[in-house]
Amino acid sequence: MRGLKGKNVLVTGASTGIGRAIAVRFAEEGANVAVNYYSGDDEAKETQSQMAAARQAAGQDAKDLLIQADVSKDDQVETMFSKVLSHFGGLDILINNAGVQFQAPSHEIELEKFDKMLDINLRGAYLCARKAIQHFLAQGKGGVIINDSSVHEVIPRPKYVGYTISKAGMKSMTQTLALEYARDGIRVNSIGPGATLTPINPWKDDPEEKAKIESNIPMGRAGTPEEMAAVTAFLSSDDAAYITGQTLFVDGGLTLYPSFRTPWT
Ligand code: NAI
C-alpha cells in the first residue's frame, strides 16, 4: 500500500490477536514497528519473529522495538512514547488496538471489571491519541490514528455494557479528534471488527460454539486477524488520504441487521 514504507508505527496490545497481525502487516509493508504489550514477553517475541519473517519474505528492511506498558496508566504511556520517539526519531501512525472484555449481567458486573473496560479500551486509547497528537503537531507533518473499535460501537450487546460503552465512546472520540485536527493533516479513523478468531474469543477453539456464532454472521464465518490488519493498513496508507472520522466495519455483514435476511412473514 502507498505511503507505509519507512513510516514509524506504534501498535498497542500487539503481542496477540489482531494487534499482532497488524504489526506483522506493517512490517511486511516496510514500516518501523513498535510493539506495545501488557504482559507475556514470549508472546511479544513471537510477534517480533513473525515480523522478521514477513519483512524478509517481502524484501523489506526496517526496525522494530518491544515495549511493555499498561496503556491505561498515564506515566507508562508517557514513558512508552519517549522510548518510541528516541528509538525511531519520530512517530507517524498510532494504532490503538489494546482492549479487554468481561461478560456479566449489567446489574451484577463487578465495578472493578466495568472500570477496567473503560480504562483500557477508551481512556487508554485517548491517552495514546493525546500523546501522538502532541507529537504530530510538534513535528508538523500530520499523522494517522486508527482505533480498533468494534461492531459494538453501534450494536447493543446485553451483558457487555462496559464494553459497548467503551466502543461507542471510541466512535465519538474518533469523530471528535478527526474534526478537531483535520486542518493539521491528522487523520483519525476506526476499524469495526465483527467476530474475529483471536484469544479474546475462547469459542474459537470450540467447534460447536464457533458454528453457533458463525450461523449468525451473514457471510457465514468469523473474520481473521489478517483481514482486520489489511483494512488497518489501508486506512493508514496514502490510499486513504481523504478519509477521516470514519469507522470501516470489517464484519462479514454483521452490521446489516442479519435477522432481516429472510422475510419475517
Ligand atoms: P486479544 O485479547 O488477542 O488482544 C487484546 C490485546 O490487548 C492483548 O494482547 C492484551 O494483552 C492487550 N492488553 C490488554 N490490556 C492492556 C493494557 N492495559 N495495556 C496494553 N495492552 C493491553 O484480542 P483481539 O481480538 O486481538 O483484540 C484486539 C482489539 O480488537 C480489542 O480492542 C478488541 O476489543 C477489538 N475487537 C475484537 C474483536 C474480536 O472478535 N476478536 C471484535 C471487535 C473488536
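**Exercise 1. Identify the residue of strand 4 that stands opposite Leu10, and place strand 4 in its sheet.**

Solution. Leu10 stands opposite Leu94 in strand 4. Helices and strands here are DSSP runs numbered from the N terminus, helices being H or I with at least four residues and strands E with at least two. The model is a predicted one, in which local features need pLDDT of at least 70 and side-chain atom pairs count only at pLDDT 80 or more, while totals for chains, interfaces and linings use all residues. Residue numbers start from 1 along each chain as its sequence is written.

Step 1. Strand 1 (residues 8–11) pairs with strand 4 in the parallel sense over 3 bridges; two strands pair if DSSP finds at least two bridges between them.

Step 2. Strand 4 also pairs with strand 5 (residues 143–148), in the parallel sense and over 4 bridges. Within strand 5, Ile146 is the bridge partner of Ile95, and Ile145 is that of Leu94.

Step 3. From strand 4 the chain crosses through helix 4 to strand 5 in a right-handed β-α-β crossover. Right-handed signifies that, with the strands pointing away from the viewer, the path from the first strand over the helix to the second runs clockwise.

**Exercise 2. Determine which residues cover the two faces of strand 4 and of strand 5.**

Solution. In a regular strand the side chains alternate between the two faces of the sheet.

Step 1. In strand 4 (residues 93–96), Ile93 and Ile95 lie on one side and Leu94 and Asn96 on the other, and all are buried. A residue is buried if 20 or more other C-beta atoms, placed from the backbone, lie within 10 Å of its own, exposed if 12 or fewer, and partly exposed in between.

Step 2. Strand 5 has Gly143, Ile145 and Asn147 on one side and Val144, Ile146 and Asp148 on the other, all buried.

Step 3. Strand 5 continues the sheet by pairing with strand 6 (residues 186–193) in the parallel sense over 6 bridges. Asp148 stands opposite Ile191 in strand 6. Strand 5, helix 5 and strand 6 form a right-handed β-α-β unit.

**Exercise 3. Explain why Ser149 counts as buried, and list its contacts beyond four places in sequence.**

Solution. Step 1. Ser149 lies in the loop between strand 5 and helix 5 (161–180).

Step 2. Ser149 is buried because 28 other C-beta atoms lie within 10 Å.

Step 3. Leaving aside neighbours within four places in sequence, Ser149 is in contact with Lys167, Met170, Lys171, Ser190, Ile191, Gly192 and Thr247. Contact requires C-beta atoms, placed from the backbone, within 7 Å.

**Exercise 4. Describe the surroundings of Gly17 and the shell around the ligand.**

Solution. Step 1. Gly17 is found in helix 1 and counts as buried because it has 22 C-beta neighbours inside 10 Å.

Step 2. Apart from neighbours within four places in sequence, Gly17 is in contact with Thr198, Pro199, Ile200 and Pro225.

Step 3. Gly17 is also one of the residues that come nearest the ligand, with Gly13, Gly99, Thr198 and Ile200, among the 28 residues around it. A residue belongs to this set if its C-beta atom, placed from the backbone, lies within 6 Å of the molecule.

Step 4. Helix 1 (17–28) and helix 4 (111–139) each supply at least two residues of the shell.

Methods: Contact = placed C-beta atoms within 7 Å.
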